[in-house]
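Thanks for coming, everyone. Please bring up the sequence and the fold on your screens.

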Amino acid sequence: MIQIKNSVQIAAMREAGRITGEALLVARDHIREGISTKELDTVIRHHIEKRGAKPSFLGLYGFPGSACISINDEVIHGIPSEKRILREGDIVKIDVGAFYKGYHGDSARTFPVGRVSDEAAALIAATKQSFYEGVEAVKVGNRIGDIGAAVDSYIRSKGFSVVRRYVGHGIGRDVHEQPDVPNFGTPGRGPRLCEGLVIAIEPMVNCGTYEVRELSDGWTVKTADGRLSAHYENTVALTADGVINLTEVEVGE
């Protein structure tokens, strides 16, 4: 069942979203060659807890980290580790959630480590823009399929592909709620969008095939062909005044 939120609930989610967005900015400022993904995870956790919140992902379905941190051909759900060291030219995806006063925020970014290839830079830029293309379709009376169709159309125009096995989702008191929000779809199909809907739109975009594989650790997902992948996500609310981006702390971040 889709859980529609009222203005008071959306205001509370905005607080959770702000903490989530701040944690990503803190992580961004610590990214450098030589740092481990475990160190980044610790920085993220400390910020969230300092703000009086809890990391949404820590222990969720048994996940061992406070953030999902994935490098290069890793799509999502990378486990933070002292052995995973960032190198010049890597792209690193950081997916963060914060639970505050009964509600969750959820957001992800892909960051370059120093100078990256032209292909990597183009992938990061296209993935980010595809999120905003999807947001343009978030209007009362539209349907979930309109969001995915907008994301997929844009990504195809750039020569990349959207992951189909994993999708965005509703969010609120639980990290994952209905409805599913695929990054592909047919315009005019799926649940109708209405005022009070809060969803996490999160394009996961690959340079090559959209097919992915899960590693033996039970968490980390990689591209099937070993090519690069990028991820961009925000929690957004559809209100009488339009769409509110609950996790965007700095405009364009």
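I'll start with a sheet, then move to the helices around it.

One thing up front: this is a predicted model.

So, the sheet. It is open and has five strands. Read across, the order is S8, S7, S9, S14, S15. The pairing is antiparallel. Which strands stand at the edges? S8 and S15, residues 242-245. Each has a single partner strand, so one side of each is left without a neighbour in the sheet. Neighbouring strands are turned by 25° against each other on average, direction ignored.

Now look at S7, residues 168-170. Two bridges join S7 to S9. Find Gly170 there: Ile199 in S9 stands opposite.

Next, the helices. H1 covers residues 7-30 and lies across S9, S14 and S15. H1 runs at about 160° to S14. H3 also lies across S9, S14 and S15. The angle between H3 and S14 is about 15°.

Last stop, H4, residues 144-157. This helix has 14 residues. From first C-alpha to last, H4 reaches 21 Å, close to the expected 20 Å. Is H4 mostly covered or mostly open? Mostly covered: 10 of the 14 residues are buried. Among them are Ile144, Ile147, Val151, Tyr154 and Ile155. Asp146 and Asp152 are buried too.

What do those buried residues pack against? Helix H3, for one, residues 118-135. Then come strands S6, S8, S9 and S10. After H4 comes Gly159, with a positive phi near 85°.

That's the tour. Questions, please.

Note on methods:
Residues are numbered from 1 along each chain as its sequence is written. This is a predicted model: local features need pLDDT of at least 70, side-chain atom pairs count only at pLDDT 80 or more; totals for chains, interfaces and linings use all residues. Side-chain values use heavy atoms; hydrogens and water are left out. Helices (H or I, at least four residues) and strands (E, at least two) are DSSP runs, numbered from the N terminus. The expected span of a helix is 1.5 Å times one less than its number of residues. Buried means under 20% relative accessible area, exposed over 50%, partly exposed in between (1.4 Å probe, protein chains only). Contact means heavy atoms within 4.5 Å. Two strands pair if DSSP finds at least two bridges between them. Axes are lines fitted to C-alpha atoms, for helices over the stretch in contact, and angles run from 0 to 180 degrees between N-to-C directions.
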